[in-house]
Amino acid sequence: MDIGFIFKIAAIGIIIAVLNTLLIRAGREDQAMLTTLAGVVVVLMMIIPKISDLFSSVRSLFDL
């Protein structure tokens, strides 16, 4: 796994945390929750292909 990939996920997490804090302090809790949910979805969309590659590698390693 590339270290840049981990930094991308960390950057998304930091940005979402800051946006969440700002929105909560502005009294927009619903939008803060939706922003957090969107961040989780974006990170999951980035991680799912990597998990698929991992399972393919394990499957080919054990000849399953």
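Here is a walk along one helix of this structure, H2, and its surroundings.

The model is predicted, so local features need pLDDT of at least 70 and side-chain atom pairs count only at pLDDT 80 or more, while totals for chains, interfaces and linings use all residues. Residues are numbered from 1 along each chain as its sequence is written, and side-chain values use heavy atoms, leaving out hydrogens and water.

Let's start with the helix itself. H2 covers residues 29-61; helices here are DSSP runs (H or I, at least four residues), numbered from the N terminus. With 33 residues at 1.5 Å each, H2 should span 48 Å, and its end C-alpha atoms sit 47 Å apart, which agrees. That expected span is 1.5 Å times one less than the number of residues. Still, there is a kink of about 25 degrees at Ile-47, shortly before Pro-49; the bend is the angle between axes fitted to the seven residues ending there and the seven starting there.

Now, which residues of H2 are buried? Ala-32, Thr-35, Gly-39 and Val-43 are, where buried means under 20% relative accessible area, exposed over 50% and partly exposed in between (1.4 Å probe, protein chains only). The buried residues of H2 pack against helix H1 (3-25), with contact meaning heavy atoms within 4.5 Å.

Other residues of H2 look outward. Met-33 counts as exposed because its relative accessibility is 56%. Arg-59, also in H2, is partly exposed because its relative accessible area is 48%. Arg-59 lies 50 residues from Ile-9 in sequence and 26 Å away in space, C-alpha to C-alpha. Just after H2, Asp-63 takes a positive phi of about 55 degrees.

Methods
Helices (H or I, at least four residues) and strands (E, at least two) are DSSP runs, numbered from the N terminus.
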